[in-house]
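Below is a short note for a colleague who wants the checkable points in one place. Please read it alongside the coordinates.

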Amino acid sequence: MAAEEIIPVVVEFTGGLEMLFADQRKHTLAVPAKDEEGKPVTVGWLVNYLCEKVMKDSRKEMFVLDGHVRPGILVLINDADWELEGEASYALQPKDNILFVSTLHGG
Amino acid sequence: MAAEEIIPVVVEFTGGLEMLFADQRKHTLAVPAKDEEGKPVTVGWLVNYLCEKVMKDSRKEMFVLDGHVRPGILVLINDADWELEGEASYALQPKDNILFVSTLHGG
Amino acid sequence: QGTGQKWPLSAEEYKRYGRQMIVPSIGILGQLRLKSSSVLIIGAGGLGCPAAAYIAGAGVGKIGLVDGDTVEVSNLHRQILHSTCTVGMRKVDSAICFLKSINPNATYVAHPWHISPENAQEIVGGYDLVLDCTDNPASRYLISDACVLLSKILISASALRTDGQLIVLNSPPLPPGNVAGGPCYRCVFPKPPPAESVLTCGEGGILGPVVGVMGVLQAVETIEIIVQGKITPPDSTQIVASPTNMVLYSALGTPPFRSVRLRPRRPDCFACSPDATLRLESLKGGSLDYALFCGLMPAVNIL
Amino acid sequence: QGTGQKWPLSAEEYKRYGRQMIVPSIGILGQLRLKSSSVLIIGAGGLGCPAAAYIAGAGVGKIGLVDGDTVEVSNLHRQILHSTCTVGMRKVDSAICFLKSINPNATYVAHPWHISPENAQEIVGGYDLVLDCTDNPASRYLISDACVLLSKILISASALRTDGQLIVLNSPPLPPGNVAGGPCYRCVFPKPPPAESVLTCGEGGILGPVVGVMGVLQAVETIEIIVQGKITPPDSTQIVASPTNMVLYSALGTPPFRSVRLRPRRPDCFACSPDATLRLESLKGGSLDYALFCGLMPAVNIL
Ligand SMILES: [Zn+2]
Ligand SMILES: [Zn+2]
């Protein structure tokens with residue numbers, strides 16, 4: 001393979017999570033198709049990538065806790081709960097939409 | 001060409017128009033790719049087709065008037081006003097979503 | 001500012017509006033903009049009631065209500081400012097009585113008649129922003145024309161049975177002929193629907209909270225537009241027209257909400273295009289018969 | 001039926017509910033179902049106020065309100081059943097006073113205390129359907145557990161700043177262990193969020209009509225569920241579980257609304273799975289500390 005393969009994905013944040021990502025709700029990203037070990041990149045890989053490369057806020061624990069997306073955040077893959085799609089092991093496809101929603105409690 | 005080419009489209013009705021179409025909001029249709037003259041089928045062709053083949057209600061004038069979609073009905077092609085897409089002359093593409101919205105006036 | 005006051009709001013106002021002032025998109029600037037703005041709500045029915053309740057609650061300085069009807073029992077399931085004991089009262093009075101109890105800080109103005117070509121300029125001219133909460137096409141064309149001629153943003157909603165629709169029109173509110181202005185009602189619907197295709201809530205029915213959702217959404221739009229400083233027509237040379245969207249709501253639909261993108265100003269629009277011949281004088285002079293245009297009779301009672 | 005009455009509703013009721021009874025999805029059957037049903041609204045704040053107004057207006061026969069707070073000035077911008085002159089009054093009393101003026105036909109029940117593990121069974125058990133209009137995670141887990149144990153559909157909404165969320169849980173309301181039942185709050189959120197990530201409206205702020213939209217949407221769902229006869233757990237052998245959706249609202253988003261598909265019941269859910277050990281006795285006996293579970297202290301005041 002000559003050039004590194006790239007997957008375009010859209011990542012969105014809502015419910016206040018956008019505040020951790022420069023107050024930007026929608027991020028259009030181009031991620032490598034393979035991880036360091038040559039395996040297809042997954043949503044789990046993307047969560048790490050977001051935490052390390054995209055998030056400027058220092059409160060990492062508001063997004064990832066103990067290596068997992070923190071409780072109270074829903075992850076949606078193309079508008080479906082990621083638990084319907086294999087959770088963190090789901091392999092990213094071009095044009096996927098990954099939405100992170102922080103649960104609200106006010107009323 | 002051996003078999004007649006078919007284009008799958010989704011047609012939706014809202015704002016009360018669904019009542020003219022057997023109370024069904026969403027219709028998944030397979031339409032021929034070419035019209036009788038061998039030209040690609042357009043939204044204008046689709047309007048006629050809906051009026052003649054799909055609509056069972058006898059009040060055709062509630063949908064088409066003087067050969068045009070009646071005033072007070074918005075036509076959306078993939079969620080954009082059809083006037084942004086060439087109106088009736090827009091050529092249907094596979095998987096297009098065509099939405100007919102009757103304007104409401106109650107308040 | 002300049003008045004020597006240390007605090008721009010009173011202690012009561014800080015308490016009353018505190019929860020909304022700490023929302024990042026509002027802040028103290030947004031609250032002051034709300035306080036110094038005026039909003040006209042045309043129609044004190046299923047849309048106007050919930051819209052007015054939240055607009056009053058939020059601290060808008062002056063609120064006008066236009067409605068010539070009186071309260072009926074059949075209104076009560078959805079027109080939440082009215083109550084069993086105000087049946088028979090004029091709707092504007094019943095509504096303002098309630099609004100004062102929610103928030104006594106605002107100035108409330110009753111316009112106890114229907115909007116008409118004769119009174120539209122005088123009424124609409126006195127406010128920064130207009131909500132169309134009426135229930136018939138003739139009023140909707142008239143209100144849109146008045147908003148175009150007077151450069152007001154128009155927040156238009158409607159509902160029937162289990163469906164609702166919302167559009168923000170003439171935003172930005174640039175003068176007729178300026179293509180960067182937002183489309184008007186006539187740009188979206190150049191021809192009125194045939195009269196026999198138009199159903200009122202009395203004929204078609206309405207689910208109370210469906211029209212309620214649409215009215216509350218009008219209040220959200222009103223507040224957002226005011227706090228973002230959009231009511232003043234901006235320097236038109238700097239404007240890039242952003243697309244106008246329509247929100248469609250179907251309580252029985254899956255998904256229930258959908259946003260669609262509308263066209264910009266129509267180059268041959270009767271009201272807002274460079275060639276438009278519509279003038280304030282033609283409104284006031286009665287040369288436009290909206291009821292006739294919409295195929296409705298008798299003319300006077302409808303508007 | 002069977003009482004010898006010619007008309008199932010009074011003349012006043014035909015007038016009052018006529019506009020909604022002619023909506024095809026309601027009809028006379030739907031109206032009678034509304035009249036014979038009972039709805040519990042937990043929380044008489046920003047969500048509960050608009051939800052209650054439209055549920056009362058629609059003709060639900062019995063409405064219970066649970067809230068231990070009193071009205072404060074800072075509530076008024078969004079809690080539209082309360083007014084400047086009811087500041088200091090118990091919220092449930094202020095709200096019921098208003099609801100009676102909208103519709104005197106219903107029975108209103110005041111529960112002037114917060115929901116707790118001790119009182120949940122007795123309160124929730126008296127109603128057909130429950131609305132969660134509270135503002136903290138501990139209450140949300142408790143209410144969901146009670147609804148699972150008592151087989152009630154739960155319409156849960158929440159809001160903060162300019163965002164809102166809505167889910168219909170435990171629908172259909174089949175007993176724990178039946179996989180065809182709808183997911184519960186624990187199925188969607190098995191672990192509570194860390195306490196430091198949870199903001200109340202007092203801390204994070206709230207735009208009044210944003211929480212208003214969510215409350216009115218709860219009323220729409222309530223009415224639709226009742227008129228469709230869904231409050232009675234159906235014969236479970238005939239059920240095909242349909243996917244549960246969550247409606248997300250962002251007043252500043254484009255588009256403002258989005259629906260997402262949630263997972264079905266979780267096979268290892270603490271509350272609703274075949275292996276669930278949750279029992280009514282454990283609720284009442286106080287062996288579950290919801291405040292501690294949610295990392296909140298002091299326990300008693302939060303619930
Ligand atoms: Zn125009
Ligand atoms: Zn569960």
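The points below cover the model's basis, a metal site, one helix and the chain symmetry.

1. This is a predicted model, in which local features need pLDDT of at least 70, side-chain atom pairs count only at pLDDT 80 or more, and totals for chains, interfaces and linings use all residues. Residues are numbered from 1 along each chain as its sequence is written, chains are lettered from A and ligands numbered from 1 in the order written, and side-chain values use heavy atoms, without hydrogens and water.

2. The zinc ion (ligand 2) takes its protein donors from the SG atoms of Cys184(D), Cys187(D), Cys269(D) and Cys272(D), lying 2.3 Å from it. Donors are N, O and S atoms within 2.8 Å of the metal (3.2 Å for Na, K and Ca); water is not among the atoms, so sites may look incomplete. The site is tetrahedral, with angles of 91 to 123° among the four donor atoms; four donors count as tetrahedral if all angles lie between 85 and 135 degrees.

3. The donor residues of this zinc ion follow the spacing C-x2-C-x81-C-x2-C. Cys184(D) sits in the loop between β6 (163-169) and α7 (185-188) of chain D, and Cys272(D) in the loop between β8 (257-261) and α10 (280-284) of chain D, so the pair ties together parts 88 residues apart in sequence. Helices (H or I, at least four residues) and strands (E, at least two) are DSSP runs, numbered from the N terminus. Both Cys184(D) and Cys272(D) are buried, meaning under 20% relative accessible area (1.4 Å probe, protein chains only).

4. In α9(C), 19 of 20 residues are buried. Just after α9(C), Gly229(C) has a positive phi of about 70°.

How values were computed
Tetrahedral: all angles 85-135°; square planar, octahedral: opposite > 155°, others 65-115°. Buried < 20%, exposed > 50% of the residue type's maximum accessible area, 1.4 Å probe, protein only.
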